[in-house]
Amino acid sequence: MKVTQAYRFALDLAPAGERDCRSHAGASRFAWNWGLAKCKERYEAEGKWYSAAELHKLWNAVKKTDPTLAWWGENSKTAYQEAFRDLERALGDFIKFRKGERKGKPLGFPKFKKRGRCRDSFRFGTGVMRCSGRTVTLPRLGTIRTHESTRKLARRLENGTARILSATVSRTAQRWFVSFTCEVERAVPERHARPGSAVGVDLGVKALLTGVDDRGKVVSVPGPKPLRASLRKLRRASRAHARRQPGSANRRKSAARLARIHVRVTSIRTDALHEATTDLASRYETVAAEDLNVAGMTRNRRLARSIADQGSGTARRMLAYKAEWNGGTLILADRFYPSSKICSACGWRKPSLRLSERTFTCQACGLVMDRDQNAARNLLKLALAASGAESLNACEGTVRPGLAGHVPVKQEPGTADAGKTGTASRQQEAAV
Ligand SMILES: [Zn+2]
């Protein structure tokens, strides 16, 4: 089975290489802005805009005659080309959203990009892209040392089970990364190694994730220690940052520090999630989790909550593709299904549940249980119902039909959700 998978590596750049990266990121930004201005112009005059191919043609004509664009040759031509493609996609997404064909956060008209206010990034769609052991080779930039080993991808390229489709270079908090989007040939089993096994997973705030499986076993993955330490640091740094005078040098410094800690928190969390989701997907055929509440997660001022939300989106994406690779299925509960408010023993529904309440207490049957565990048990019922199992092995009895009228939605990996969150290129190297 062919899948699209991304491999991401941190680059160890020499000063000259870093200059080249900045230059390419600038070129990509310039091309986006130039194309957007052209599209706006045409839209006002004719009610339509240019496609990426048309923009590329226009650009090729203009760049050689306009003396203010004489620098164009310093950068790979694909950096401009790919920026036009991004713009085309952004315009298309905006139209889809307006027509109601696209779910998710409200999407505005594409905006002009400003240096320092947007992500520094650029993409190569063609040209020599390679990697071997500890280096990567990119068009124009040449061979660059990587911070970690690229062996996994190098081996796949060697034996022909992977092909690089594109390479995106981007900067996060002073560090440059390359992410290869690859077409990978994976051997996927017909059926999961443990047929009939199921687990319900609550993606939490306090614990990284809490699962309950079909034998009633609790699988709890606490946040790794360095994560908790970094979170404390992050809280302190963001308070310090808030006290700095806007526009001051100290404010700039504290912003850079804050960004560095953010990257660290995210990468520790991602690593831990990779490990946990790989384990879950290999051990259980059916995995049920809550769907992502896209609208509700954006505006939450609670630091821990907002970071957990980001992490749970990542975890869902990982579970979706890893379940598929193992011959299993990920079931996503309707996002209005209140898994943490329902008693997993008797079905009584708690009218309200504050985030600070860590224990679920049922007023109907007297069940007292850890909040996340109770939620995981409810999700397990969905998993069992979806996998066709008749009853729960655990003590509380059978699955009630219908589960309060909510039908679990089967997740097709790499389709609806992938489009919604733009995943393929953001998937990290899978720790399989
Ligand atoms: Zn109860």
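# Exercises on a zinc-binding chain

Ala 173 is partly exposed, at 22% relative accessibility (buried means under 20% relative accessible area, exposed over 50%, and partly exposed in between, with a 1.4 Å probe and protein chains only). The model is predicted: local features need pLDDT of at least 70 and side-chain atom pairs count only at pLDDT 80 or more, whereas totals for chains, interfaces and linings use all residues. Residues are numbered from 1 along each chain as its sequence is written, and side-chain values use heavy atoms, with hydrogens and water left out.

## Exercise 1. The chain as a whole

Task: State how many helices and strands the chain has, and what share of its residues is buried.

Solution:
- Step 1. The chain has 10 helices and 15 strands; these elements are DSSP runs numbered from the N terminus (helices: H or I, at least four residues; strands: E, at least two).
- Step 2. Of the 432 residues, 43% are buried.
- Step 3. Take the contacts between residues at least 6 apart in sequence: 66% of them join residues at least 24 apart, where contact means heavy atoms within 4.5 Å.

## Exercise 2. The zinc site

Task: Identify the protein donors of the zinc ion and assign the geometry of the site.

Solution:
- Step 1. The SG atoms of Cys 343, Cys 346, Cys 362 and Cys 365 are the protein donors, lying 2.3 Å from the zinc ion. Donors are N, O and S atoms within 2.8 Å of the metal (3.2 Å for Na, K and Ca); water is not among the atoms, so sites may look incomplete.
- Step 2. The angles among the 4 donor atoms are 106 to 113 degrees, and the site is tetrahedral. Four donors receive that label if all angles lie between 85 and 135 degrees; square planar (four) and octahedral (six) require opposite donors over 155 degrees apart and all others between 65 and 115, and anything else is irregular.
- Step 3. For four tetrahedral donors the ideal angle is 109.5 degrees.
- Step 4. The donor residues follow the spacing C-x2-C-x15-C-x2-C in sequence. Cys 346, in the loop between β12 (329–333) and β13 (359–361), and Cys 362, in the loop between β13 and β14 (368–370), are 16 residues apart and link distant parts of the chain.
- Step 5. Cys 346 is partly exposed, with a relative accessible area of 32%, whereas Cys 362 is buried at 4%.

## Exercise 3. Strand β8

Task: Describe the burial of strand β8 and how it pairs with β11 and β9.

Solution:
- Step 1. Strand β8 covers residues 198–203, and 6 of its 6 residues are buried, so the strand is largely enclosed by the rest of the structure.
- Step 2. Ala 198, Gly 200 and Asp 202 point one way from β8, and Val 199, Val 201 and Leu 203 point the other way.
- Step 3. β8 runs parallel to strand β11 (residues 286–290), joined by 4 bridges; two strands pair if DSSP finds at least two bridges between them. Val 201 stands opposite Ala 289.
- Step 4. With strand β9 (residues 207–213), β8 pairs in the antiparallel sense over 5 bridges, and Leu 203 has Leu 209 as its bridge partner.

## Exercise 4. Positive phi in loops

Task: Place Arg 140 and Ala 173, and give the phi of each.

Solution:
- Step 1. Arg 140 lies in the loop between β4 (135–138) and β5 (142–146), with a positive phi near 70 degrees.
- Step 2. Ala 173 lies in the loop between β6 (162–172) and β7 (175–185); its phi is positive too, near 45 degrees.
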